[in-house]
Amino acid sequence: MTSSDKNTDNIISDGSYVLVVLNEHKRWVTKVESGKQFHCHKGFIEFDEVIGKPYGIRIFTSKSTAVSIYKPLQIDFLSKISHSSQIIYPKDAGLILLYGDIKPGSRVIETGTGSGGLTSILASYVRPNGHIYSYENREQAFKTSTNNIKKLGLNDAITLKLQDAIEGFDEEDVDAIVLDLASPEEIIPHAYSSLRSSGTVSIFIPTYNQIERTYHELKEYDFGDIICFETIKRELQLKTNAIRPQTRIIGHTGFLIFARKRTKMVQK
Ligand SMILES: C[S@@+](CC[C@H](N)C(=O)[O-])C[C@H]1O[C@@H](n2cnc3c(N)ncnc32)[C@H](O)[C@@H]1O
């Protein structure tokens, strides 16, 4: 045991989640339940054998295959989410957190909720004192995201609303607004009135024509410091004597636009 293993946060307990990793392709997030087992095609492990042990241990399954038991990362929990729409890709979510300045204590409005993928990421960063107000106009997506957020135990940091963002937002003076929906340009006036001055708007947008319309609207509403870019992730194949880019990659997810709310210039 190392000194960090004595940290009770790093000890596997009954009811906690673990990430079981067999190899780079096979990994599962599962809930630890005393008296039960985790099964995969390489045998099973008894949860009682890992309860009380530090995260990061390696153990053998009933078929003598070694597996590693980690504490799941935020990104691993996305695999637990049921989909009602495409969820945001991690490369885009990470940049929204940084450029949107979303941090502990932030009050954030998000629309559309979709499956709640981005909602859950945002919520885990604004905790413990911040809050996410997320708007969705499709009943099925609202139901799916409600279940996902409950499953992830994030209800305290999120208010989900079955409401069309076209009608405007109920909150005022929020720190950040995040838009991931088909016509973000229609929401810019509402984003402007609900943001505090100097607050951020972050927009995920799949096509060039949507950028054109949204950029025009951002300028109409006097948003400043507008930037737009695409980020491309190219994963490497990690194989001894054959390290090179993977043959297949995801070619395009979307573009990101970021801007800041300005208020009227003070007259001299
Ligand atoms: C691409 S999905 C969002 C995915 C989400 N970011 C995630 O990571 O799971 C877009 C969602 O926006 C919703 N939507 C579209 N227009 C809307 C509007 N005017 N108000 C509220 N939600 C809207 C759609 O129903 C859809 O569920």
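An open sheet of 4 strands, with the strand order 2-1-6-5 and antiparallel pairing, is a convenient place to enter this structure. Its edge strands are strand 2 (27-31) and strand 5 (57-60), each of which pairs on one side only, and neighbouring strands of this sheet are turned by 30° against each other on average, direction ignored. The coordinates are those of a predicted model, and every value below should be read with that in mind.

Within this sheet, strand 1 (residues 17-21) and strand 2 run antiparallel and are joined by 5 bridges; across this pairing, Val 20 has Trp 28 of strand 2 as its bridge partner. Strand 6 (residues 66-70) contains Ser 68, whose contacts, leaving aside neighbours within four places in sequence, are Leu 19, Val 20, Val 21, Ile 57 and Arg 58. Ser 68 counts as buried because its relative accessibility is 11%, which is under the 20% limit for that class.

**The second sheet and its helices**

Another open sheet is formed by 7 strands in the order 9-8-7-10-11-15-12, and here the pairing is mixed. Strand 9 (158-162) and strand 12 (223-230) are the edge strands, each pairing on one side only, and the twist from one strand to the next averages 15°. At the strand 12 edge, 6 bridges connect strand 12 with strand 15 (residues 255-261), and the two run antiparallel; Cys 228 stands opposite Ile 257 of strand 15.

Helices lie across strands of this sheet. Helix 3 (90-99) lies across strand 10 (174-179), strand 11, strand 12 and strand 15, and runs at about 10° to strand 15. Helix 5 (residues 139-151), in turn, lies across strand 8 and strand 9, with an angle of about 165° to strand 9.

**A buried alanine in helix 4**

Ala 123 belongs to helix 4 (residues 117-126). Is Ala 123 buried or exposed? With a relative accessibility of 0%, Ala 123 is placed in the buried class, since that class takes in values under 20%. Not counting residues up to four places away in sequence, Ala 123 touches Ile 132, Leu 154, Ala 157 and Ile 158. By contrast with these contacts, Val 21 is 102 residues from Ala 123 in sequence and 26 Å from it in space, C-alpha to C-alpha.

**Backbone features**

Most residues other than glycine have a negative phi, and most peptide bonds are trans. The table collects the exceptions to be discussed here.

| Site | Backbone value | Location |
|---|---|---|
| Thr 111 to Gly 112 | cis, omega near -10° | Gly 112: loop between strand 7 (107-111) and helix 4 |
| Arg 127 to Pro 128 | cis, omega near 5° | Pro 128: loop between helix 4 and strand 8 (131-136) |
| Ser 198 | phi near 80° | strand 11 (residues 195-205) |
| Asn 241 | phi near 65° | loop between strand 13 and strand 14 (244-245) |

Gly 112 lies in the loop that leads from strand 7 to helix 4, and Pro 128 in the loop from helix 4 to strand 8. Ser 198, with its positive phi, is partly exposed because its relative accessible area is 32%, a value between the limits of 20% and 50%. Asn 241, which likewise has a positive phi, counts as exposed because its relative accessibility of 81% is over 50%.

**The largest pocket**

How much space lies in the largest pocket? The volume comes to about 1100 Å³. Among the 29 residues that line the largest pocket, those closest to its centre are Glu 24, Arg 27, Lys 233, Glu 235 and Gln 246. Two or more lining residues come from each of strand 2, helix 2 (74-77), helix 3 and strand 13 (236-237), and strand 2 gives the most, with 3 residues. Strand 2, an edge strand of the sheet of 4 strands, thus also takes part in this lining. Sorted by class, the lining holds 11 nonpolar, 8 polar and 10 charged residues.

**The chain overall**

The protein chain has 7 helices and 15 strands, and its C-alpha trace spans about 75 × 45 × 40 Å along the principal axes. Of its 268 residues, 44% count as buried. Among contacts between residues at least 6 apart in sequence, 61% join residues at least 24 apart.

How values were computed
Residues are numbered from 1 along each chain as its sequence is written. This is a predicted model: local features need pLDDT of at least 70, side-chain atom pairs count only at pLDDT 80 or more; totals for chains, interfaces and linings use all residues. Side-chain values use heavy atoms; hydrogens and water are left out. Buried means under 20% relative accessible area, exposed over 50%, partly exposed in between (1.4 Å probe, protein chains only). Contact means heavy atoms within 4.5 Å. Two strands pair if DSSP finds at least two bridges between them. Axes are lines fitted to C-alpha atoms, for helices over the stretch in contact, and angles run from 0 to 180 degrees between N-to-C directions. On a 1 Å grid over the protein atoms alone, a cavity is a set of points where a 1.4 Å probe fits but cannot get out, and a pocket is an open set with protein on both sides within 12 Å along at least five of seven lines; lining residues have an atom within 4 Å of a point. Grid points are joined across faces, edges and corners, and a volume is the space filled by probe spheres set on the points. Ala, Val, Leu, Ile, Met, Phe, Trp, Tyr, Cys and Pro count as nonpolar, Asp, Glu, Lys and Arg as charged, and the others, Gly among them, as polar.
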